[in-house]
Amino acid sequence: MSSSEWHVERRQSSNESPLSRDLENAPETGSLSIVVLGASGDLAKKKTFPALFHLYVQGFLPPNEVCIFGYARTKITDNDLRNRLRGYLVPGKDSSLEQLEEVSKFLNLIKYVSGSYDSKDGFCNLDKEISEHESLKSSAQGPSRRLFYLALPPTVYPSVCKMIKTYCMNKSDLGGWTRIVVEKPFGKDLESAEQLSTEIGELFEEPQIYRIDHYLGKELVQNMLVLRFANRLFMPQWNRDNIANVQIVFREDFGTEGRGGYFDQYGIIRDIIQNHLLQVLESVLPIKDDEVVLGQYEGYRDDDTVPDHSNTPTFASVILRVHNERWEGVPFILKAGKALNARKADIRVQFKDVPGDIFKCQKQGRNEFVIRLQPSEAMYMKLTVKKPGLEMETIQSELDLSYRQRYQGATIPEAYERLILDTIRGDQQHFVRRDELKASWEIFTPLLHRIDKGEFKSIPYKPGTRGPAEADKVLLEKAGYVQTHGYIWIPPTL
Ligand code: BG6
């Protein structure tokens, strides 16, 4: 089942509890307290606060309703935190006075509370600060809304959730809500993920829990639903009769850059493939060893925080087989790697050959429909056409919808910005539900356990390349993926 079908289905079949209905209908007025736990960490500085700032600039966080709280263990003042964040918010060296003022006004909405992640004192303090804000702002006329963003390692989720539940829940008689946002990695395998889900599930109901996978907030991922179901063109095509294979590829042209210690505990499958790339869940058959290639870039272990003999993969190519009526026989290739030759993420749907090949052009390449998530957001359809001129020759070309050119002046929101706004609005459509999480771990856990035990080795590859050559070989042999040579899509320049 594709992500889009899955989303449509889950909306239609969702068997909502009265609580989830209450939450959906909860009024969107009254004081709004946004608490960023782990406020001095990398994620908060680089993603969460900048996303909040952009929402503020666009008027989604009205200063008469909103207060943002940073919470972490370090003992610093409100101003210390504001100064630490400023550099991540100012657009650039040539920022206008107006932009700088906007940053200052936003920073003034932020307060800092220090405390540990498992002590009553810190959370009581936090609750006191939030309550003060609520009584100052509009809670007298409306309900209070409390949003807790856990920019923290998952190991502390259960204790932090317990503290929030015990000391920091919304207590307003006028209604409102308490919502929790958590970040991946949600566990390390099926068992640990289920345990985490159970522990959090005992404290909060599913409609209160927002599991962020920021890839679900990317513009072109969100477009897939419309694309697939609002276009007649795709209806008869989207199946095993026409599609030869589907590739979902993530490449980065840099390594782990200071995150080696974290990365080594997880590896590329847990960091990227099990979540960002995996939206095909139902009816996936067990992964076969000979359809997996793992790699590790040379130099990865030079990082002091990475053990000398680490086998953690920084590259993986995995073929998934979906056993259902629509997709039987169509390989879904998930590929991700660090320190490769490019930075890009795309979904490539390759069609089967045209029977007959009357123009003898099959060797030039197959039709492909490509969704480029980043950079240079685009969708293009690779076609064979007549080469302009007197001769009846064929050439590979494309129908190209490049966003920057087609939607000039439009701003594409950052994934985090959109998802935080969804959380405030109570829309869980683009978040990971518990059963989805379980299904994704079920697919990868057996392979991950074998890698952890050292039974599956990573092949070394040179940084700046396509990864281990074995991966291309396996894709050709096992997935029938036919690479088009001599054709490169060049994003149009304005
Ligand atoms: C994160 C991974 O979830 O996504 C990182 O932990 C990765 O390893 C990042 O670099 C990629 O996100 P984006 O939006 O920059 O493609």
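This is a short dialogue on reading the ligand site, confidence and cavities of a predicted model.

Q: What are the ground rules here?
A: The model is predicted: local features need pLDDT of at least 70, side-chain atom pairs count only at pLDDT 80 or more, and totals for chains, interfaces and linings use all residues. Residues are numbered from 1 along each chain as its sequence is written, and side-chain values use heavy atoms, without hydrogens and water.

Q: What is the mean pLDDT of the protein chain?
A: pLDDT is the predictor's confidence in each residue, from 0 to 100. The chain's mean is 90, and 93% of its residues reach 70 or more. Over residues 1-24, pLDDT stays under 50.

Q: Which residues are around the ligand?
A: A residue counts if one of its heavy atoms lies within 4 Å. Lys184, His214, Phe250, Arg259 and Asp271 are among them.

Q: Which ligand atom type do Lys184, His214 and Asp271 approach?
A: A polar contact is a pair of N or O atoms within 3.5 Å. Polar side-chain atoms lie 2.7 Å from a ligand oxygen for Lys184 and 2.8 Å for His214. For Asp271, a side-chain N or O atom is 2.6 Å from a ligand oxygen.

Q: How many cavities of 30 Å³ or more are there?
A: On a 1 Å grid over the protein atoms alone, a cavity is a set of points where a 1.4 Å probe fits but cannot get out. Volume is the space filled by probe spheres set on the points. The structure holds four. The second largest has about 140 Å³.

Notes: A polar contact is a pair of N or O atoms within 3.5 Å; within protein, one must be able to donate a hydrogen and the other to accept it, and residues adjacent in sequence count only if both atoms are side-chain atoms. Contact means heavy atoms within 4.5 Å. On a 1 Å grid over the protein atoms alone, a cavity is a set of points where a 1.4 Å probe fits but cannot get out, and a pocket is an open set with protein on both sides within 12 Å along at least five of seven lines; lining residues have an atom within 4 Å of a point.
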